[in-house]
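This report describes how the strands and helices of one protein model are arranged. Please keep the sequence and the three-dimensional view at hand while reading.

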Amino acid sequence: MTVGVPGVLEALCAHPRASAVFLDFDGTLSPIVDDPALARPAAGVPGLLSELASRFGVVAVVSGRPAAFLAEHLGDATGARLIGLYGLEEVGEPAGPTVDPDALEVWRPVMAEVADLAEERAPSGVWVERKTVACTLHFRHAPGEEGWVRRFAEEQRDRVGLVIQPARLAVELRPGIETDKGTVVTALARGADAACCFGDDLGDLAAFAALGDLADAGLSVARIAVVDDESPAAVADAADLVVEGPSGAIELLKALVGAVPG
């Protein structure tokens, strides 16, 4: 048994250079805040990611945030891959690891138009967050407008073929391109012996499902739900291990670092 590390993560420590660690940002490495623009990683996270990347074969933050946001706040995380917009973007790359850059460019004007329409029509209290080639409609400060947000998202899906991703008191709209956290996990875990994923929201279920498929193919996997009072129950239901909030996730990551010689 590896001291300080739960049994579901022991396989990662046994073969660290042949293992992959996937992490969400909001709610996992960063506390949830009322204004998403003010979200920041918890203290010490960039250094912790560097420590993980020096020990494990793949360490990747896979987030709904734009890659530029991840670069700004996690850019000191040496060796960690920073992948934004559910796999559409990667820091230092023209597109995400499973995305054709030319296909992505076709969607930029389409998503800009959708964001324009959302800003024009959104009721008071609904905030439209532009994300380079995606957008998020936040109703945290106007919970009574959830119905409007979901109807608008469905109308745009039917009109231009975009993808709807439910999130915490928000709905994310992204291009109709075959990518999500699951496709990223599948691509980056190829050839690994073990992999784990930490996540807190519905968008992480695709990554959990991808790990399930990899487990069926013989990979040792661990799905870690990072929960709080607002977390969707489906995330914990799909997990192999549950921890309390970003503080719980960070303590577990520190245990992984401590279990593998640097």
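The following paragraphs treat two sheets, the helices that pack on them, and one buried residue.

The model is a predicted one. Seven strands make up an open sheet of mixed pairing, and their order is 4-3-2-1-9-10-11. Strand 4 and strand 11 (241-244) are its edge strands, each pairing on one side only. Within this sheet, strand 1 (residues 19-23) runs parallel to strand 2 (residues 58-62), and four bridges link the two. In this pair, A20 lies opposite V58 of strand 2.

Another open sheet consists of four strands in the order 5-6-8-7, with antiparallel pairing. Its edges are strand 5 (127-130) and strand 7 (163-167). On average, neighbouring strands here are turned by 20 degrees against each other, direction ignored. Strand 6 (residues 135-138) and strand 8 (residues 170-174) are joined in the antiparallel sense by four bridges, and L137 stands opposite V171 in strand 8.

The table lists helices that pack on these sheets.

| Helix | Strands touched | Angle between directions |
|---|---|---|
| Helix 4 (residues 101-121) | strand 5, strand 6, strand 8 | about 160 degrees with strand 5 |
| Helix 5 (residues 146-160) | strand 6, strand 7, strand 8 | about 15 degrees with strand 8 |
| Helix 9 (residues 245-259) | strand 1, strand 9, strand 10, strand 11 | about 120 degrees with strand 11 |

Finally, E89 belongs to strand 4 (residues 89-90). What is the nearest side chain of opposite charge to E89? It is R108, 4.8 Å away, and the buried E89 has no salt bridge. The side chain of E89 does, however, make a polar contact of 2.6 Å with that of T132. Beyond its neighbours within four places in sequence, E89 also touches other residues, including P66, L82 and G96.

Definitions and conventions. Residues numbered from 1 in each chain as written. Predicted model: local features only at pLDDT ≥ 70, side-chain atom pairs only at ≥ 80, totals over all residues. Heavy atoms only, no water. Buried < 20%, exposed > 50% of the residue type's maximum accessible area, 1.4 Å probe, protein only. Lys, Arg positive; Asp, Glu negative; His and termini not counted. Salt bridge = Lys/Arg side-chain N within 4 Å of Asp/Glu carboxyl O. Polar contact = N/O pair within 3.5 Å; in protein donor to acceptor, adjacent residues only side chain to side chain. Contact = heavy atoms within 4.5 Å. Pairing = 2+ DSSP bridges. Axes fitted to C-alpha atoms, helices over the stretch in contact; angles between N-to-C directions.
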